[in-house]
Amino acid sequence: YQLAGNQRLPVRQSTHLAVVRDAESGQHRLYIDGKLVDQVDTMRPPDKKMFMICGRERQNASDRGLGYSGLIDEIRISRIPRYQGDFVPRPRHETDEHTVALYHCDEGHGDVLTDSSGNGHHGKIEGATWARPMPLSGG
């Protein structure tokens, strides 16, 4: 399945993206800055072998895969669907009993993305570099 809002993301502006998989309803929803922009009904479970953000597994050595050009500030993966409708994004995510992994992307070094949830789901960074946050406008 694929989720895609019909709007282009702004350049040099902070944007909050949330993807919600609701196992009960079978829906996958995409929110941009707290507003629902797309949803897909599917009961297909996610691939538990690997979870990738902004890419896909390379098929061979010359395959560059799909990429993302931009900065990622935070990533939170939860056991529950966090959002049922439009919402106001918080400036920084915190861990709670429903958090599987929480990545504050300003807390790492080398090729390790540190899981700040305390659950030890550290990530491996491939094809990306650490960058200092740039002053951005927007929310």
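# Reading strands, salt bridges and a loop

Modeller: Let's start with one pair of residues: D22 stands opposite Q27 in β2. Keep in mind that we're looking at a predicted model.

Biologist: Okay, then where does D22 lie?

Modeller: D22 is part of strand β1. As a general idea, strands of a sheet pair through backbone hydrogen bonds, and the pairing can be parallel or antiparallel. Here β1 and strand β2, which covers residues 27-32, pair in the antiparallel sense, with six bridges between them.

Biologist: And what order do the three strands of the open sheet have?

Modeller: The order is β1-β2-β3, and the pairing is antiparallel. At the edges sit β1 (17-22) and β3 (35-41), each of which pairs on one side only. Going from one strand to the next, the twist averages 15°.

Biologist: Let me zoom out for a moment. How many helices and strands are there in the protein chain?

Modeller: Zero helices and seven strands. Reading from the N terminus, the elements go β-β-β-β-β-β-β. The chain has 139 residues, and buried ones make up 21% of them. About 10500 Å² of the chain is exposed, with carbon and sulfur atoms supplying 49% of that area. For contacts between residues at least 6 apart in sequence, 36% join residues at least 24 apart.

Biologist: Back to D22, then. Is D22 buried or exposed?

Modeller: D22 counts as buried because its relative accessibility is 9%, and the cut-off for buried is under 20%.

Biologist: With which residues is D22 in contact, leaving aside its neighbours within four places in sequence?

Modeller: Those would be Q27, R29, P81 and Q84. There's a local partner to look at as well: a polar atom of the D22 side chain lies 3.1 Å from the backbone nitrogen of E24.

Biologist: R29 caught my eye in that list. What does R29 form with D22?

Modeller: The general idea is that side chains of opposite charge can pair when their charged atoms come close. In this case R29 and D22 form a salt bridge, and the closest N and O atoms are 3.8 Å apart. The cut-off for a salt bridge is 4 Å, so the 3.8 Å pair qualifies. R29 is buried too, at 3% relative accessibility.

Biologist: How many salt bridges does the structure hold?

Modeller: Three. Another one joins E74 to R92, with 3.8 Å between the closest N and O atoms. That pair links distant parts of the chain: E74 is in strand β4, R92 is in the loop between β4 and β5, and the two are 18 residues apart. E74 is buried, with a relative accessible area of 17%, whereas R92 is partly exposed at 34%.

Biologist: What about D96 and R82, how far apart are their closest N and O atoms?

Modeller: They're 2.9 Å apart, and the pair forms a salt bridge. This one also links distant parts of the chain, with D96 and R82 each in the loop between β4 and β5 and 14 residues apart. D96 has a relative accessible area of 31%, which makes it partly exposed. R82 is partly exposed as well, at 24% relative accessibility.

Biologist: Since we're in that loop, where is G85 found?

Modeller: G85 sits in the loop between β4 (74-78) and β5 (99-104). With a relative accessible area of 31%, G85 is partly exposed. To see how the chain folds back here, look at G85 and K35: they are 50 residues apart along the chain, and their C-alpha atoms are separated by 7.7 Å.

Biologist: One backbone item remains. What is the phi of D33 near?

Modeller: As background, most residues other than glycine have a negative phi. D33 isn't a glycine, yet its phi is positive, near 50°. You'll find D33 in the loop between β2 and β3. At 31% relative accessibility, D33 is partly exposed.

Biologist: So if I want to revisit one residue, I'll take D22: it lies in strand β1, stands opposite Q27 and forms a salt bridge with R29.

Modeller: Good pick. Add the E24 backbone nitrogen, 3.1 Å from a polar atom of the D22 side chain, and the contacts of D22 with P81 and Q84, among others.

How values were computed: Residues numbered from 1 in each chain as written. Predicted model: local features only at pLDDT ≥ 70, side-chain atom pairs only at ≥ 80, totals over all residues. Heavy atoms only, no water. Pairing = 2+ DSSP bridges. Helix = DSSP H or I, 4+ residues; strand = E, 2+ residues; numbered from the N terminus. Axes fitted to C-alpha atoms, helices over the stretch in contact; angles between N-to-C directions. Buried < 20%, exposed > 50% of the residue type's maximum accessible area, 1.4 Å probe, protein only. Salt bridge = Lys/Arg side-chain N within 4 Å of Asp/Glu carboxyl O. Polar contact = N/O pair within 3.5 Å; in protein donor to acceptor, adjacent residues only side chain to side chain. Contact = heavy atoms within 4.5 Å. Areas by Shrake-Rupley, 256 points an atom, 1.4 Å probe, with all protein chains shown as cover.
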